[in-house]
Amino acid sequence: MGFFEHKETIEENDTVIVYISNDDLFPIIAKSGDVKQTKFGAVKHNEIIGKKYGCRYDCARGYVYLLFPNPEIWTLSLPHRTQILYTPDISRIVFELGLSNGKVVCESGTGSGSLSHAIARGVYPNGHLHTVEFHEERSKKARVEFEDHGLSKNITVYHRDVCEQGWPREVDHKADAVFLDIPAPYKAIEHVKRALKLEGGEFCNFSPCIEQVQETCEKLREGGFTNIKTIECINSQTTVKSSHLPMPDFGVDYSELEDAGIMPKDCEKIGKYVKRLEKGSRPKTQNLKEEAGQEEAKEDLKLTECNFVVKSALAKRSQYGHTGYLTFARLPPRDSTL
């Protein structure tokens, strides 16, 4: 099957994402006779083959959904061989590198392939990703995984030390962009320059420690890179809350506050003396219930009986913490004779 060629029906040997909840989803390979156990009961492969992607599958004690895989869902469900990048960082990387159809990208630190799938989609169908993995067993698993996902035409996996060897010579000056996720990225800057096109290109590095970032930035400046910047992607969720606060009693007539410019003069009049501060303020609900023809008989309100509505943003107590720093840079065009 192809990750980027959607189809409606599940077939033999297709990758299917079994969705239980946002925090509980996993991939399976549909094979006749196989059974996958979940907390809701068994998912029988014979029964899901022929069903449509996105459908609900009823188990003995509940139900799951059968989803077609894409890079975002794969990031949440993939088998972890290493720590991975998640969608907030990935989306910024794809944007800053300017990925589009036909571009060539070099990556070092294939790991579990989370970013690799997103890069491959960014350059699909005519682009190519050359990715290097230092660990031999991980490189083999990644190669098999990309073949299973129909990406072998767009991704080539190499087993080598990028700091010592760089990318293969056939990739020299072919890359539009380079991404590094390795312990010592500053040792590979010269290989990055060798991989990027002579017309220039984009560079990105992911590092968890600021000391790595500082040394990498120094090497980038020495290597002639420009537009160097480092950012940190952190999810921050806030809740907007409306609060009703009592209007302050200044101990003076409202008209004196108006004359002094403390209170606005163009507010709606309530009763004879009390007015709203602004559109965002209001009296208590019970004080607004005036029946027709009874306005004159209504007892005047006091300023302290009114509420002022304010909006505030409250941060959640638990937030997603630091994952790492993204460093971006651009290599300007170079003279091919140098």
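1. In this predicted model, Arg-56 lies over the face of Tyr-63, at 3.7 Å from the ring centre. Tyr-63 also belongs to an aromatic cluster, which it forms with Tyr-19 and Tyr-65. A second placement of this kind involves Lys-36, which lies over the face of Phe-26 at 5.2 Å from the ring centre.

2. The structure holds six aromatic pairs, and one of them is formed by Phe-4 and Tyr-124, whose rings are arranged edge-to-face, with 5.1 Å from centre to centre and 65 degrees between the planes. Phe-4 is found in the segment before β1 (15–21), whereas Tyr-124 is in the loop between α4 and β8, so the pair ties together parts of the chain that are 120 residues apart in sequence. As to exposure, Phe-4 is buried, with a relative accessible area of 18%, while Tyr-124 counts as partly exposed at 24% relative accessibility; the assignments follow from the cut-off, because buried means under 20% relative accessible area.

3. Another aromatic pair, that of Tyr-53 and Phe-68, is likewise described as edge-to-face, with a distance of 4.9 Å centre to centre and an angle of 85 degrees between the planes. This pair links distant parts of the chain, 15 residues apart: Tyr-53 is in the loop between α1 (45–48) and β5 (56–58), and Phe-68 is in the loop between β6 (63–67) and α2. Tyr-53 and Phe-68 are both buried.

4. Helix α5, which comprises residues 136–148, has 13 residues and reaches 19 Å from its first C-alpha to its last, a span close to the 18 Å expected at 1.5 Å a residue. Which residues of α5 are buried? They are Ser-139, Ala-142, Glu-145 and Phe-146, and they lie on the same side of α5, because the arc that they cover around the axis is only 125 degrees. An α-helix has 3.6 residues a turn, so residues three or four places apart point the same way.

5. As for the surroundings of this helix, the buried residues of α5 pack against two helices, α2 (71–77) and α4 (114–123), and against two strands, β8 (128–133) and β9 (155–159). The helix is followed by Gly-150, whose phi is positive, near 70 degrees.

Conventions:
Residues numbered from 1 in each chain as written. Predicted model: local features only at pLDDT ≥ 70, side-chain atom pairs only at ≥ 80, totals over all residues. Heavy atoms only, no water. Helix = DSSP H or I, 4+ residues; strand = E, 2+ residues; numbered from the N terminus. Expected span 1.5 Å × (residues − 1). Buried < 20%, exposed > 50% of the residue type's maximum accessible area, 1.4 Å probe, protein only. Arc of directions from axis to C-beta. Contact = heavy atoms within 4.5 Å. Phe/Tyr/Trp six-rings, centres within 6.5 Å; stacked < 30°, edge-to-face > 60°. Lys NZ or Arg CZ within 6 Å of the ring centre and 35° of its normal.
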